[in-house]
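Biologist: Let's go through this one together. I'd like to hear the reason behind each label as we go.

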Amino acid sequence: MTVEQLADKSNPFMKGKSKETLDAFWGITSYVSGTYDSPSGFVKLNNKITELESTHGGRNKFRLYYLALPPAVFIPVCTQLKNHCWIDTTKHRHSECRVIVEKPFGRDLESSNQLAQAITGLFMEKEIYRIDHYLGKEMVLNLMILRFGNEIFRTLWNRERIECVIITFKEPFGTQGRGGYFDTNGIIRDVMQNHLLQILCLVAMEPPVSVDASDIRDEKVKVLKFIEPIELDDVVLGQYVGNPSGPNEDSRLGYRDDPGVPESSTTPTYACANIKINNDRWAGVPFIMKCGKALNERKAEIRIQFKDVPSDIFGHTCHRNELVIRVQPDEAVYCKMNVKSPGMSFETKETELDLSYKQRFEGVDLPDAYERLILDFVLGTQTNFVRTDELGEAWRIFTPLLHKLDRGEKKPVEYVYGSRGPKEADEFIKNMGFTFSGTYKWSKK
């Protein structure tokens with residue numbers, strides 16, 4: 001393939017870029033082909049990089065490798081990079097090499113450990129950047145400042161004041177022909193074990209000593225160590241079926257109608273789990289993570305529900321306060337609270353204090369999560385990337401459950417495409433202590 005052919009394939013997917021910008025980008029782009037396991041392709045790659053460094057670079061060399069590859073080829077590719085394309089920093093003391101690795105980072109604790117041992121045997125931890133794009137989202141990044149930069153939340157952020165925490169991820173579409181890949185992973189491996197657990201860490205961790213990457217990641221690991229492995233009784237699983245009256249063809253198809261999915265598949269497309277953190281701050285507070293495909297809306301949010309007013313003098317009409325951090329779409333932070341109903345009455349009314357980003361920060365361009373994380377990669381900032389021990393703890397929590405599900409010990413219940421998900425999940429969340437009043441719905445400003 002030539003650079004021109006690559007540009008023709010790629011340009012339709014480039015968002016908001018002028019022809020001049022694209023031409024300039026492709027003008028400095030080179031393309032080298034090769035196979036994953038053959039040294040010859042990597043020798044060619046190294047020769048091309050060396051040529052560019054001689055033409056454009058100085059004495060110091062700076063190489064960044066981004067691996068968006070199937071996990072099965074991570075190790076051979078990393079080995080070839082190390083053998084043929086890596087800089088010897090003993091000879092070039094002010095030069096650097098770094099590598100980004102895309103998820104999935106294994107399928108369970110054993111495979112993840114094997115992958116981690118192989119990669120850390122080749123590279124130093126400071127050279128490895130395991131990317132989870134949710135850590136680059138604006139409102140996820142905002143959690144640190146929201147929690148530790150506002151005194152009003154500091155004394156409320158514990159089991160004495162908080163009843164439960166719900167972290168939600170919803171997609172309004174199904175597998176859309178990509179069921180073959182999804183069926184080997186399922187929604188827990190695809191979303192819950194990584195994206196949602198990373199958010200949970202930022203919500204639940206203790207204050208770090210500083211905003212240095214190692215201090216923040218130390219606290220994330222500490223809170224993960226307090227989490228028990230998930231049991232079958234801690235989850236509700238679902239799998240979507242087609243909606244005969246759906247508005248389009250995709251909505252009328254169920255998960256097992258996808259040509260890549262076996263008819264007998266029990267892979268969950270929806271999961272709701274109760275996470276138990278057994279430390280002094282959170283003991284007894286359910287952290288509920290729920291995620292699914294083919295649901296009624298696109299949404300990712302963190303909902304922190306506070307306890308009931310201890311002595312409600314208003315005839316038990318006060319609803320629980322909630323702090324909601326809306327990750328996507330329409331980034332916002334809002335707090336549900338009770339006020340007096342306007343007019344002559346003295347009744348309570350549920351409303352919100354609302355910070356909608358597009359309204360408050362009008363005209364500010366929020367960078368895409370990948371833009372932000374790739375910039376961090378270039379700058380050598382590892383705060384928003386996953387460390388080896390952090391990854392190991394995440395798999396420790398989920399692996400026993402995943403192995404039981406792989407053996408078919410719990411089957412998903414059916415839910416209709418375009419619904420909120422299984423009704424059993426609503427009952428499960430209610431039993432965990434969450435109260436849904438149904439009297440108020442936040443609307444985009």
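Modeller: Let's start with a term: a salt bridge is a side-chain nitrogen of Lys or Arg within 4 Å of a carboxyl oxygen of Asp or Glu. This is a predicted model, where local features need pLDDT of at least 70 and side-chain atom pairs count only at pLDDT 80 or more, while totals for chains, interfaces and linings use all residues. Residues are numbered from 1 along each chain as its sequence is written, and side-chain values use heavy atoms, with hydrogens and water left out.

Biologist: What makes R387 and D389 a salt bridge?

Modeller: Their side chains come to 2.9 Å, N to O. The cut-off is within 4 Å, so the pair qualifies.

Biologist: And why is R387 called buried?

Modeller: Buried means under 20% relative accessible area, exposed over 50%, and partly exposed in between (1.4 Å probe, protein chains only). R387 has 13%, so it is buried. D389 has 36% and therefore counts as partly exposed.

Biologist: Which residues are joined into one network by salt bridges that share partners?

Modeller: K170, E297, K299, E301, R303, E322 and K336. The structure holds 33 salt bridges.

Biologist: How do you know that K103 and D190 tie together parts that are apart in sequence?

Modeller: Their side chains meet at 3.4 Å, N to O, in a salt bridge. K103 lies in the loop between β2 (96-102) and α5 (109-122), and D190 in helix α9 (residues 186-204), so the pair ties together parts 87 residues apart in sequence. Helices (H or I, at least four residues) and strands (E, at least two) are DSSP runs, numbered from the N terminus. D190 is buried, at 18%.

Biologist: What about D406 and R189?

Modeller: The closest N and O atoms are 3.0 Å apart, and they form a salt bridge. D406 is in helix α13 (residues 388-406) and R189 in helix α9, 217 residues apart. D406 has 47%, so it is partly exposed; R189 has 7%, so it is buried.

Biologist: Now α3 (residues 39-56): how does its reach compare with the expected span?

Modeller: The expected span is 1.5 Å times one less than the number of residues. With 18 residues, α3 reaches 26 Å from its first C-alpha to its last, close to the 26 Å expected.

Biologist: Why do you say that the buried residues of α3 line one face?

Modeller: The buried ones are G41, F42, N46, I49 and E53. Seen down the axis, they fall within an arc of 135°, so they line one face; the arc is that of the directions from the helix axis to the C-beta atoms. The face turned away from the buried side carries exposed S54 and T55.
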